[in-house]
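Student: Please pick one part of this protein and take me through it closely. I would like to see what surrounds it and then how it fits into the rest.

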Amino acid sequence: MPKRLPLASVLIGVSLAACAPAARGQSTAAPATAPTPASTPAVSTAPTSAATFTAVPPLSAAPMRVFQGAAQVVDPTKTYRAVLTTTQGDITVELDAKAAPVAVNNFVFLALNRFYDGTRFHRVIEGFMAQGGDPLSADPAQRPRWGTGGPGYQFAAEVRSGLRFDRPGVLGMARSASLTSQGSQFFVTLAPADFLSGQYTVFGRVVAGQDVLARVTRTARSSAAGETAIPGVVPDTLQSVQILTSP
């Protein structure tokens, strides 16, 4: 069943498809009026302290994109961050394993297997969010199907943490209408989107590179009338995801 990204259900009267790809032909819309994403200091070339965080070695030498499930790779006693290297620059996110242990372990497992390398931010809407993580988006020939892919398995949303999509830079899991349809797709808010709170998993937040996130190429426009693709745009690529850990 195709997943349109993860906001593909009607929430608070707004039809969305932000975290999990929505079914083909389903219309999606972001809020008609959305606040401007907040700016943050420019990301440095070394967003995390080498003395505090160390890189976790990859589990595979080349991208692996089909699995039966995510092996347990996260140590709950440690703190995890991820550096998303994009064609616009680096974005560093802190992962919240206490609030969303399954989603964080899933993201770390896929990242360590280079699952996300070469994928694209295939759905980016001004004043709303940037969505990525679909393995199909690594292949330009699959563009009509971008937003429908996953890692070969699905798992349930973790929505009882009390964390909210109340600011730019909140990291969430995309899904389709079902709460058990999470896979590999994720999104990062470009502006507050509190109407998603309690409906989608929050599993991290941007701690460096919010300015980079603000530059990610917009691929669609949204209004009360629905969502429309922007012709001719070239989506930005997620070149790699490096996992960092601290005791």
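Tutor: Let's begin with a word we need straight away: a contact means heavy atoms within 4.5 Å. This is a predicted model, where local features need pLDDT of at least 70, side-chain atom pairs count only at pLDDT 80 or more, and totals for chains, interfaces and linings use all residues. Residues are numbered from 1 along each chain as its sequence is written, and side-chain values use heavy atoms, leaving out hydrogens and water.

Our part is arginine 120. Leaving aside residues up to four places away in sequence, arginine 120 touches Gln131, Gly132, Gly133, Ser137, Ala138, Asp139, Pro140, Trp146, Pro235, Asp236, Thr237 and Leu238. Arginine 120 lies in strand E6 (strands, E, of at least two residues and helices, H or I, of at least four are DSSP runs, numbered from the N terminus).

Arginine 120 is buried, yet it has no salt bridge. Buried means under 20% relative accessible area, exposed over 50%, and partly exposed in between, with a 1.4 Å probe and protein chains only. A salt bridge needs a side-chain nitrogen of Lys or Arg within 4 Å of a carboxyl oxygen of Asp or Glu. For arginine 120, the nearest side chain of opposite charge is aspartate 139, 7.0 Å away (Lys and Arg count as positive, Asp and Glu as negative, and His and the chain ends are not counted).

Its side chain does find backbone oxygens: a polar atom of arginine 120 lies 2.6 Å from that of serine 137, and the side chain reaches that of alanine 138 at 3.4 Å.

Next in the chain is phenylalanine 121, in the loop between strand E6 (119–120) and strand E7 (123–125). Rings of Phe, Tyr and Trp (its six-membered ring) pair if their centres lie within 6.5 Å; planes under 30 degrees apart are stacked, over 60 edge-to-face, and the rest tilted. By this rule there are 10 aromatic pairs. Phenylalanine 121 and phenylalanine 186 make an edge-to-face pair, 6.3 Å centre to centre with 90° between the planes. The two are 65 residues apart, with phenylalanine 186 in strand E10 (residues 186–189). Both phenylalanine 121 and phenylalanine 186 are buried. They also belong to one aromatic cluster, together with Phe107, Phe115, Tyr116 and Phe203.

Now compare arginine 120 with arginines that do have salt bridges. The whole structure holds seven of them. In one, arginine 114 joins aspartate 117, the closest N and O atoms being 3.8 Å apart. Aspartate 117 is buried, as its relative accessible area is 15%, while arginine 114, at 25%, is partly exposed. In another, arginine 164 meets aspartate 194 at 2.9 Å, N to O. Arginine 164 sits in the loop between strand E8 (129–132) and E9, and aspartate 194 in the loop between E10 and E11, so this pair ties together parts 30 residues apart in sequence. Arginine 164 has a relative accessible area of 42%, so it counts as partly exposed; aspartate 194 is partly exposed too, at 35%.

Finally, step back to the whole protein. It has two helices and 14 strands, and 53% of its 247 residues count as buried. Among contacts between residues at least 6 apart in sequence, 70% join residues at least 24 apart.

Note on methods: Polar contact = N/O pair within 3.5 Å; in protein donor to acceptor, adjacent residues only side chain to side chain.
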